[in-house]
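Subject: Handing over the two-chain model

Hello,

Here is the structure I promised to pass on to you. Please open it alongside this message, and my notes will follow below.

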Amino acid sequence: MRLYKKEGSTIQILSFPSDNVEKGDYLLIEDPRVNKKLITQVIDVQFASVPGLLEELLRDSTTEQFVYGEIFDPLEVSSHMNHIQDAWMLLCKIRGTLENEKLGVNVSWLPSRSKSGITKFFISSLLTHTRDNGNLPINIGETKEASRFTINAHDLDGKLNIVTGKKGTGKSHLSKLLVLGLIDYGAKVVVLDLNGEYTNLGFSSNGEKNEYHDRVHVLTPGANLKVSLPQMDLKVMLNILVHALHLPGTSTREFRRIWQSLQQRRAFTLQELGEAIRNWKCNQHVRDALFSRYYSLLNSGFFTDNIAEATTFEEFFEETQKGGALILNLHDVSSVDRQIVVEYTLGKIMELLSQWKIKAVFLFAEEAHLYLRETYWDDIVTRMRHFGVFTTFVTNQPDTIRENIYRQADNIFLFNFTNERDLETVSRAARVDSETVKSIAHDLPSHHCLVLGKAVKDFPMVVKVRAFDVQTMGQTRLFFTDKN
Amino acid sequence: MRNMEGEYFQPNEMTFNQPATENFEDATPVLGTHCPFTIESIPLKPLLGDTPVAAVDISSIKIGETEIGVLCAIRGAIVWKEKSRYKYLRLGPFPFHITEENKKEIYNLFRCHYFEVSEGVSAPSLINMQTRIGNLLERWLQLGISCSAHDSIILWDGSLTAGTVDSPVNVISQLLEIARNRLNTVLAFSKTTNLRLLGHRLTDLAEKSKPPCLLQINGFPIPSGPVFTLGNVYVAKLTQGICSFRLDIDKKVPRERVIEAVEKLLGSDLLIQSYPETLRLAHIFSTFTATEVIGIQRFIAQQYGLKIIARPNVRRLLFGPFGKDSEG
């Protein structure tokens, strides 16, 4: 391999197929005169623009179709000519420097074109330089060289993460790995599980309980997730009415008075709420509006007057002192009911966090745009993060996540995307240049992800996500199941 | 090549297919205004059939320089058309390291082997060796075709000029005789010509002629020097288009066979811009591309352990972007 050109932060390296370099690989350009090494990453492999190649190809194509013959080449010079034809140009991004075996970001120098040697820099070696003293490794998978790849749980702590990629590439699989990895270190995890994919995290593929069984709690709204009105904070209830049920302002003010009246009377049941609306002195339109929302709440099945039946998040978090996951199974839950449940859950978590009843929560939100109201996006990256809600968004529609989320994301686990618009969206992430995202993610095989951000100290790395023994639920139901 | 192991070499910059520095193609005299001559237009009709057509071409190229000599490579190509199919044989590339010490040996080895002559001659200057070796290979390939083909049309690239060291009159005459004896006709196409009539380029005479036709120049002066042509000179305009070519045809072939041969070529080969496809392919298959030159340089570097050095380009140093290599 030979250093050819540098333009901005892009370096071009001449290479041959025998060098066996692929997109995502790291190369070390060592300049022996200054005892410094430049760390670069291959973001694209192109054919080298060799002079005369077009003539060569034209001649060959003529030969293939219309002309037949043989070549008498006793010295076998042709093999050398073919070798030149196959030359590659590696487009590499400068990632940093290695000086006295210490990583640095000072790339203000340029290695010698004639003297520099270029070697592969294995990710396992790079990892030894990037790892700090973190001692909470989460095993994600393996590198191209089949060495173990771990990220540090500290790198998810207090961070905003995005897991994205097209359908069927393994996003949810990685999310599950992260959830279990966090549980292992005593973290409290809440999963907003849109498709019921996480509900069997406590079971092995053969259906038997696994080591996480007692630490994974699945709550299904209307079944084992119900709340009573006394559990409900007025602010949360108003959020539900306004944002999920779109109650107008005048009616909301009347509801606030009704709620306060019930509080004073200590008559906090659904039945009492219904009676109060019926008897409340107000405009008939307001009453109708309140009644329609009341019946929506009632029909959601999420509310109960039976205190024994009601779920308390406090209890759950008490039980998970050594780490556990609360899976909110939103599968088969209507859009409105989903928003009600999410409003309540997030409100309750914020309440518990603000009262310091829990220290922090790792929130995994699958396809959040389907249940997260507009104002929550900004909340999640600002206010809620400071309270201790560390969110991981999981989506196959990257344009449903706002641009500011990408800009502020600390880690992005990027799976394959072929659609250029999707890649364009993800490339807005501040932690990496857009060329890297577009080029590498475009060609990632299934179950391989490009890890960007703090977890890899801003050295983008391609990882093959490991398999693990958990019953999967994320598979699509098929009609043609019998392949014979 | 073995005489250069471990040396340094300066690869040649990409000035491909350098024209031969010694060009005898047009060594015939310019026809003066005092010469009595006539121009006869011969209309042609394609003779449809499957007359075999064979063509020979070679290329030589300078690959680089060493401290003691030059590196060059030659390649030959034979293309023949048989029953609507083109077939080819490419020979080479053959790289050579030519020094003052070995040039005579190489030159005479070629010469004696190809021309079957025993006496040695002095070798040309280093700078002309590339062209000379190429010419010798071309003659040898032409001989091979003349000996193996029968009742065919043999296309040469260039003229039927003889009398130079690497194209001795007796050798070229013998080549043509062998071809004639086997009922072959040699048609020698020159892509360029400096021949002029009344100040006009020879090939421009056919501008207004209706193709396909041949223009025969009668009264062509026989040069008195050592270099002269063994063929009659024609201008061939074989298809519509802007191109016409100087065509040399063996003088000893009767006129009717000359016309028949060209008409058979019209009926048997594809002609684009008056140039036969077989000859065009021979040129394409012998020509070196830039990639190939780099490949040969790599072969030499690997096989003989040569270290490539970059010798400063004096023209570039002196004239910067104005220092073009190919200019004299």
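Below is what I found, going from the contact between the chains to the inside of chain A.

First, some housekeeping. This is a predicted model, in which local features need pLDDT of at least 70 and side-chain atom pairs count only at pLDDT 80 or more, while totals for chains, interfaces and linings use all residues. Residues are numbered from 1 along each chain as its sequence is written, and chains are lettered from A and ligands numbered from 1 in the order in which they are written.

**Between the chains**

Chain A and chain B each give 21 residues to their contact (two residues are in contact if their C-beta atoms, placed from the backbone, lie within 7 Å). On the chain B side, the elements that give two or more residues are strand E5 (85-99), helix H5 (277-286) and helix H6 (290-304). Here helices (H or I, at least four residues) and strands (E, at least two) are DSSP runs, numbered from the N terminus. E5(B) supplies the largest share of that side, with 9 residues. By class, the same side of chain B has 12 nonpolar, 4 polar and 5 charged residues; Ala, Val, Leu, Ile, Met, Phe, Trp, Tyr, Cys and Pro count as nonpolar, Asp, Glu, Lys and Arg as charged, and the others, Gly among them, as polar.

E5(B) also pairs with strand E5 (residues 67-72) of chain A, in the parallel sense and over 6 bridges (strands pair if DSSP finds at least two bridges between them). In this pairing, A:Ile71 stands opposite B:Arg90.

**Domains of chain A**

The domain assignment, which is automatic or from a database, gives domain 1 (2-130), domain 2 (137-225 + 311-465) and domain 3 (229-300). The C-alpha centres of domains 2 and 3 of chain A lie 34 Å apart, and their contact takes 11 residues from domain 2 and 10 residues from domain 3. The domain 2 side of it divides into 3 nonpolar, 4 polar and 4 charged residues.

**A helix pair**

In chain A, helix H7 (residues 270-279) and helix H8 (residues 284-300) pack at an angle of about 165°, with their axes 10 Å apart. Axes are lines fitted to C-alpha atoms, for helices over the stretch in contact, and angles run from 0 to 180 degrees between N-to-C directions. H7(A) and H8(A) are therefore roughly antiparallel (an angle over 145 degrees). A:Leu270, A:Leu273, A:Gly274 and A:Ile277 in H7(A) meet A:Arg287, A:Leu290, A:Phe291, A:Tyr294 and A:Leu298 in H8(A). These contact residues divide into 7 nonpolar, 1 polar and 1 charged.

**The sheet of 11 strands**

Chain A has an open sheet of 11 strands with mixed pairing, in the order E10-E9-E19-E18-E17-E11-E16-E15-E12-E14-E13. E10 and strand E13 (216-219) stand at the edges with a single partner strand each, so one side of each is left without a neighbour in the sheet. Neighbouring strands are turned by 25° against each other on average, direction ignored.

Starting from one edge, strand E9 (residues 137-142) and strand E10 (residues 148-152) run antiparallel and are joined by 5 bridges, with A:Asn139 opposite A:Thr150. They form a hairpin with 5 residues between them, and A:Ala146 in the turn has a positive phi of about 65°. E9(A) is also joined by 2 bridges to strand E19 (residues 461-465), again antiparallel, and there A:Glu142 stands opposite A:Lys464. Strand E11 (residues 161-164) and strand E17 (residues 411-414), by contrast, run parallel over 4 bridges, with A:Val163 and A:Phe413 as bridge partners.

Best wishes

Technical notes:
Angles under 35 degrees count as roughly parallel, over 145 as roughly antiparallel, 65 to 115 as roughly perpendicular and the rest as oblique.
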